[in-house]
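Reader: I would like to know what stands behind the labels used for this model. Shall we go through them one by one?

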Amino acid sequence: MSLKIEEKLFQNRYRVDAGRPHIQIRDEEICAAQCQTRQCTVCCPAGCYTMEGNGRIVLITDGCLECGTCRIICNDHHNVTWEYPRGGYGVLFKFG
Amino acid sequence: MAEKFDVIVVGAGPSGNAAAYTLAKSGLKVLQLERGEYPGSKNVQGAILYADALERIIPDFRDEAPLERHIIEQRMWVLDDASFIGAHYRSDDFNKPPYNRYTIIRAQFDKWFSEKVQQAGALVICETTVTELLMDDKKVVGVQTDRMGGSIYADVVILADGVNSLLAKKAGFHAEIDPANVALAVKEIHFMPQETIEARFNLQGEAGVVIEMAGKITRGMMGTGFLYTNKESLTVGVGCMLSDFKTQKITPYQLLEDMKAHPSIAPLLEGGEMKEYTAHLIPEGGYKAIPKLYGEGWMIAGDAAMLVNAMHREGSNLAMTSGCFAAETIIELMNEQKPCSTKNLARYQQKLNDSFVMKDLKKYQNMPGIFHANSQFFTAYPEMLNQAAHRMLKVDGIDKKSKEKAILADFRQRRSLFGLMSDAFKLWRAFE
């Protein structure tokens with residue numbers, strides 16, 4: 001059984017800081033050319049990282065759960081800059 | 001002129017709240033900063049609250065804290081693809097007050113705890129992310145936030161900023177977490193009528209059940225699953241080490257979806273309405289992964305300090321206890337009119353060492369390494385145990401002696417006699 005992560009994230013509450021993503025890919029070339037595994041596309045529990053046909057990684061942080069996984073697993077290339085969202089922004093857990 | 005406080009506490013989770021509450025009650029001028037909309041809105045846990053740690057801070061918490069169910073039964077399941085073998089412990093002694101542990105919903109519980117902190121006299125400011133520590137040479141003298149523009153100063157800063165603790169990393173107090181020292185857990189909350197939960201789990205009133213699970217649900221990764229009963233909801237989740245996720249091709253949410261579909265779990269969730277999906281890291285590296293816990297003008301507590309006992313699924317109690325010790329250390333020093341220097345803050349480490357926090361973590365210091373190096377505990381053994389039970393319990397005309405022989409032959413074939421004995425020895429040594 002496969003599923004769309006969007007259906008899960010739809011239940012969550014977010015206050016998106018439009019135009020100010022708190023996570024960024026440092027150098028897109030490293031993902032496309034040097035990274036063999038692109039494990040961020042598998043490990044991110046919110047599916048924020050997707051790979052395009054040409055091997056480029058696209059990061060959309062709107063559904064981010066602020067866990068830190070992507071930053072820690074990118075320990076071969078250290079290609080993720082990761083900050084907390086500005087105060088009050090990001091995911092707002094109703095239950096946690 | 002920027003305002004100066006005695007203490008700044010970063011974060012309003014269990015360790016930050018325990019620290020801020022203890023400090024404020026002693027009359028110190030305390031500022032607590034929280035990045036969420038309200039305390040709890042960024043916090044995720046299973047969640048089990050162990051009464052003891054909180055009782056030492058707020059003795060009458062049971063009268064007012066938002067608690068879900070007190071736990072009277074603990075189930076431990078080892079799962080194969082279509083079965084589980086398990087041990088259940090249920091006792092009416094756990095159904096007599098004062099109760100020992102509760103399920104809680106963190107967004108509600110943390111909000112309550114924070115109200116207590118504010119009533120005690122601390123200034124709590126939400127929607128404010130601390131961006132960096134202010135240093136004067138090597139001493140922490142305050143924090144920089146993303147909101148108030150100016151800097152805020154204090155004699156000492158307690159970092160209770162959670163597992164990611166970006167502040168400690170930016171300040172160079174400790175390195176980035178190794179993927180082998182942290183687990184990623186994903187969780188959902190499913191709502192259903194109270195009566196349904198009570199019927200499904202054989203419960204009355206506010207009693208509850210927790211199920212901890214290991215085995216094939218983690219696909220060979222080092223990890224566990226859980227299912228907890230709240231008043232009108234169930235939380236169900238699974239967590240595995242990030243170093244293992246890094247080598248797999250299954251997403252965390254698919255792992256959770258597959259676990260929910262297990263024939264022993266699906267009927268428990270049937271008909272529930274999923275209302276939130278969360279993910280969180282759990283610092284499970286244990287004793288050997290604990291960073292430096294204090295320095296010139298700073299201390300670190302809770303998840304940020306890697307204080308989690310993964311073997312016993314304990315974290316929030318270590319967080320509260322460490323937050324409390326950090327606060328008590330400061331109160332003592334201020335009473336003695338001594339500075340919060342590295343030398344003087346060593347008392348914090350001593351308090352932790354003398355308590356269950358470090359004693360327990362030290363006891364299990366080899367456990368993470370053993371499980372990392374021996375994946376059979378999460379693959380072969382669950383299968384072998386389930387198949388043995390199946391063979392013995394299936395009535396099919398074969399005599400029991402022959403069944404025992406077949407089981408033993410299966411064990412030996414799957415994992416030589418030497419392997420079985422050495423695994424038992426490893427576990428015994430690690431638990432000793």
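Author: Start with chain A of this predicted model. From the N terminus, its elements run α-β-β-α-α-β-β-α-β-β. That gives four helices and six strands.

Reader: Why is chain A called as compact as a globular protein of its length?

Author: Set the value against the rule. The radius of gyration of chain A is 14 Å. The globule rule, 2.2 Å times the number of residues to the power 0.38, gives 12 Å for 96 residues. The two are close, so chain A counts as compact as a globular protein of that length. Its C-alpha atoms fill a box of roughly 40 × 35 × 20 Å along the principal axes.

Reader: What share of chain A is buried?

Author: Buried residues make up 41% of its 96 residues. The cut-off is 20 or more other C-beta atoms within 10 Å.

Reader: Why is Thr61(A) called buried?

Author: Thr61(A) has 21 C-beta neighbours inside 10 Å. Buried needs 20 or more. Therefore Thr61(A) counts as buried.

Reader: Where is Thr61(A) found, and which residues does Thr61(A) contact beyond its sequence neighbours?

Author: Thr61(A) lies in the loop between strand E4 (57-59) and helix H4 (69-73) of chain A. Leaving aside neighbours within four places in sequence, its contacts are Pro21(A), His22(A), Ile23(A) and Cys48(A). Cys74(A) is 13 residues from Thr61(A) in sequence and 16 Å away, C-alpha to C-alpha.

Reader: Now chain B. What makes chain B as compact as a globular protein of its length?

Author: Chain B has 15 helices and 17 strands. Its radius of gyration is 23 Å, and the globule rule gives 22 Å for 432 residues. The values are close, so the label holds for chain B. Its C-alpha atoms fill a box of roughly 85 × 50 × 40 Å along the principal axes. Buried residues make up 49% of chain B.

Reader: How many residues are in the largest nonpolar core, and what makes it a core?

Author: The largest nonpolar core has 151 residues. Members must be buried, of the nonpolar types that count for a core, and joined through C-beta atoms within 7 Å. Among those that touch the most other members are Val7(B), Ile8(B) and Val157(B). Helix H9 (residues 316-335) of chain B gives the largest share, eight residues. Ile8(B) has contacts beyond four places in sequence that include Leu31(B), Gly142(B), Ile152(B) and Val157(B).

Reader: How do you know that domain 2 of chain B touches domain 3 of chain B?

Author: Contact means C-beta atoms within 7 Å. Eight residues of domain 2 are in contact with six residues of domain 3. The domain 2 side divides into four nonpolar, three polar and one charged. The domain assignment gives 180-283 for domain 2 and 370-431 for domain 3. Their centres, taken over C-alpha atoms, are separated by 26 Å.

Reader: How many residues of chain B are in contact with chain A, and which element gives the most?

Author: The count is 44 residues of chain B against 30 residues of chain A. Elements giving two or more residues to the chain B side include helix H3 (106-119), strand E11 (182-191) and strand E15 (273-283). E15(B) gives the most, with eight residues. By class, that side has 20 nonpolar, 11 polar and 13 charged residues.

Technical notes:
Residues numbered from 1 in each chain as written. Chains lettered and ligands numbered in written order. Predicted model: local features only at pLDDT ≥ 70, side-chain atom pairs only at ≥ 80, totals over all residues. Contact = placed C-beta atoms within 7 Å. Nonpolar A, V, L, I, M, F, W, Y, C, P; charged D, E, K, R; others polar. Buried ≥ 20, exposed ≤ 12 C-beta atoms within 10 Å, placed from the backbone. Domains from an automatic or database assignment.
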